[in-house]
Amino acid sequence: SSVDARVLIIGCGISGVGAAQKLIRQGFRNVRIIEATSRSGGRVKTGRLDGKIIEIGANWIHGPSQENPVFRLASQYQLLDEECMSEENQSVDIGGLPPLLSTWLSSSGKKLEAEVMAPAVEVFLSLLKKCQEFYTSSDAPMSSMGEFLEREALRISNEEWKEDETRKLRQALFSTLMKLECGVNGTHTMDDVDLGTFGMYKSLPGLDCTFPGGYDGLITHMMNELPKDIVLFNKPVKCIHWNNIHSQSSSKEGTCPVTVECINGEIFEADHVIVTIPLGYMKKHHDTLLNPPLPQHKMHSIQRLGFGTNNKIFLEFEQPFWDEECEVIFLVWEDEYDLQNHVSDMKTAWIRKMSGFTVLKPTERYGHILCGWIAGHESEYMETLPEEEVLHTVTRLLRRFTGNPTIAPKKLVRSQWFHDPYTCGSYSYVAKGCSGQDIDNLAEPLPLTGSEAEPLQVLFAGEATHKSFFSTVHGALLTGWREANRLISHYNPSPRKVTANL
Ligand code: 6YU
């Protein structure tokens, strides 16, 4: 029966915790979570810089409004400040990018005027909107977003703006916005992102907000609802043996459909396993993670879908060099008017991939901290450098762009998601040539026959298995709930609905 069914959840990120929460509320008594690391939360990871809260992983609630389950939970647990909870904040519909107060710094150490930059930002935003529309109209003129953005941005620039220094600067700004977009999508270059499927991602209303006490408060509160000791930490799973392939037992009764083998040799038996392992890890280990191996079409979709890196570099200053009201600082390289979104020489130029910094607010809480954003292979390379070298390079960059040779951040903390052995990157995107079908394939449970007589063995959740909210915390949470519900209805099949066709 459902209450006795042994359910093993692999991964203690928000999707795993969410699945456990739902199952336990439904009366499942035999639920355990196996986690590779010594902590829960996964890519929700709150850290400290000089005692101040910083988010190493997820930063915002994207679209904090009633349809967003992370917003609903965070409100219930009273983790948000009043402004974020306000009706007004919930109803703001910006469709993705918040209208932040920006400062534009150029590589020659000048502050660029907002009025000069604004038309380029407008063009870029309107192009992004166009990209979204290709999903419903199904008439994307080419395969990748990068090609489209580059072609259209340069076309509009040439047609509408005089050929002068301003035009060059605006084109250089396009490069900055492309790099920013690489971060938003978690990709190396926008050439890797599918144009026709970009609009499959759905943004919810509400102005993005943060957790004043740290994102991990959400995980802590959810975990408090679960039985103590439900999580087995420090147990990386090596292989999931399904279809009874690993069972030692000779009698038919008492055999287990699934056994989970950990790297340390420990074995756990289960009736059902919910896999919430990040796509980055699956890409690396898909040929050995399941035995028998994954069916071909699932394997292909794992290989084809995108999973890239977006990292943060936090810098603390004694005194701010930015204006009090500034919310984001963008870096514009004047020689990048040809719309580059990756660099040619990694060793000397990786820092060029950094699009800019967000300012941590409010100042009373954070003091003077900037968060630098860097995506792609350059970001992965940055992870390999000693911290002092990163600090040195970022300091030189800031001195150059401000024209102030005395700027000196006093502390640095960075994320290193690509080299995190159980994440292998930051989040998923729909790579060129992929479609929603690939995400469906990823989410499909095993065995595939789908007959009612055949029990579900291995189920798949996690951020990358959500068709419209992939790459987010709320998307991940919804997939955990989805797979819990799949098991719940497996044990309590709802009576067939008879539709009266009158
Ligand atoms: C969101 C946001 N956000 C930034 C960064 C990252 C992500 N996301 P998990 O990985 O959590 O759990 C899996 C577990 O499995 C884990 O604990 C593993 O250890 C374990 N595991 C793995 N292998 C195992 C094995 N073999 N055995 C056992 N266990 C194993 N989402 O909503 N808002 O702001 C961001 C962001 C740096 C890395 C994000 C954000 C994505 C979410 O974090 C992510 O989808 C979910 O947490 C995943 O949960 P899960 O359960 O699926 O997996 C200039 C400037 C301008 C300003 N704008 C900048 C642009 C930036 C835009 N980007 C947005 C995203 C950000 C910032």
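Four strands make up an open sheet in this predicted model, and their order runs 10-9-8-12 with mixed pairing. At the edges sit strand 10 (267-270) and strand 12 (290-291), each of which pairs on one side only. Strand 9 (residues 258-262) runs antiparallel to strand 10, and four bridges hold the two together. Looking along this pair, Val260 turns up opposite Phe268 in strand 10. Just past the edge strand 12 there is a detail worth a look: the peptide bond from Asn291 to Pro292 is cis, with omega near 0°. Pro292 belongs to the loop between strand 12 and helix 10.

Another open sheet has five strands, in the order 7-2-1-11-20, and here the pairing is parallel. Strand 7 (231-232) and strand 20 are its edge strands, each pairing on one side only. Strand 1 (residues 6-10) and strand 2 (residues 30-34) run parallel and are joined by five bridges. Within that pair, Ile10 stands opposite Ile34 in strand 2. As for side chains, the usual pattern in a regular strand is that they alternate between the two faces of the sheet.

From the edge strand 7, the chain goes on through a loop to strand 8 (237-241), and Asn234 is found in that loop. Asn234 has a phi near 55°, which is a positive value in a residue other than glycine. Is Asn234 buried or exposed? With 13 other C-beta atoms within 10 Å, Asn234 falls in the middle and counts as partly exposed.

A similar tale comes from a hairpin elsewhere in the chain. Strand 3 (residues 46-49) and strand 4 (residues 52-55) pair in the antiparallel sense, with four bridges between them. Gly47 faces Ile54 of strand 4, and Leu49 is set opposite Lys52. Two residues separate the strands of this hairpin, and Asp50 sits in the turn. Phi of Asp50 is near 55°, again a positive value in a residue other than glycine. Because Asp50 has 13 C-beta neighbours inside 10 Å, Asp50 counts as partly exposed.

Turning to helix 15 (residues 436-443), its buried residues are Asp438, Ile439, Asn441, Leu442 and Ala443. What do these residues pack against? Their partners are helix 10 (296-304) and strand 20 (458-460). Strand 20 is the one already met as an edge of the five-stranded sheet. Between helix 15 and strand 20 runs a loop that holds Pro447. The bond joining Leu446 and Pro447 is a cis peptide bond, with omega about -5°.

On a broader view, the protein is divided into two parts, domain 1 (6-44 + 211-306 + 430-491) and domain 2 (97-202 + 310-414). Their C-alpha centres lie 35 Å apart. Where the domains meet, 13 residues of domain 1 are in contact with 11 residues of domain 2. On the domain 1 side, the touching residues come out as five nonpolar, six polar and two charged.

Both domains also have a share in the surroundings of the ligand: the shell draws at least three residues from domain 1 and at least three from domain 2. Which residues come nearest to the ligand? Of the 48 residues around the ligand, the answer is Gly11, Gly13, Ser15, Gly42 and Ala476. Several elements supply at least two residues each to the shell, namely helix 1 (14-25), helix 7 (165-185), strand 14 (310-316), strand 16 (356-359) and helix 16 (473-491). Sorted by class, the shell has 22 nonpolar residues, 22 polar ones and four charged ones.

Finally, a word on confidence. The mean pLDDT of the protein is 93, and 93% of its residues reach 70 or more. The model as a whole scores ipTM 0.94 and pTM 0.95. One stretch fares otherwise: over residues 249-253, pLDDT stays under 50. For that stretch, the model has two contacts beyond four places in sequence.

Notes:
Residues numbered from 1 in each chain as written. Predicted model: local features only at pLDDT ≥ 70, side-chain atom pairs only at ≥ 80, totals over all residues. Near = placed C-beta within 6 Å. Nonpolar A, V, L, I, M, F, W, Y, C, P; charged D, E, K, R; others polar. Domains from an automatic or database assignment. Buried ≥ 20, exposed ≤ 12 C-beta atoms within 10 Å, placed from the backbone. Contact = placed C-beta atoms within 7 Å. Pairing = 2+ DSSP bridges. pLDDT = per-residue confidence, 0-100.
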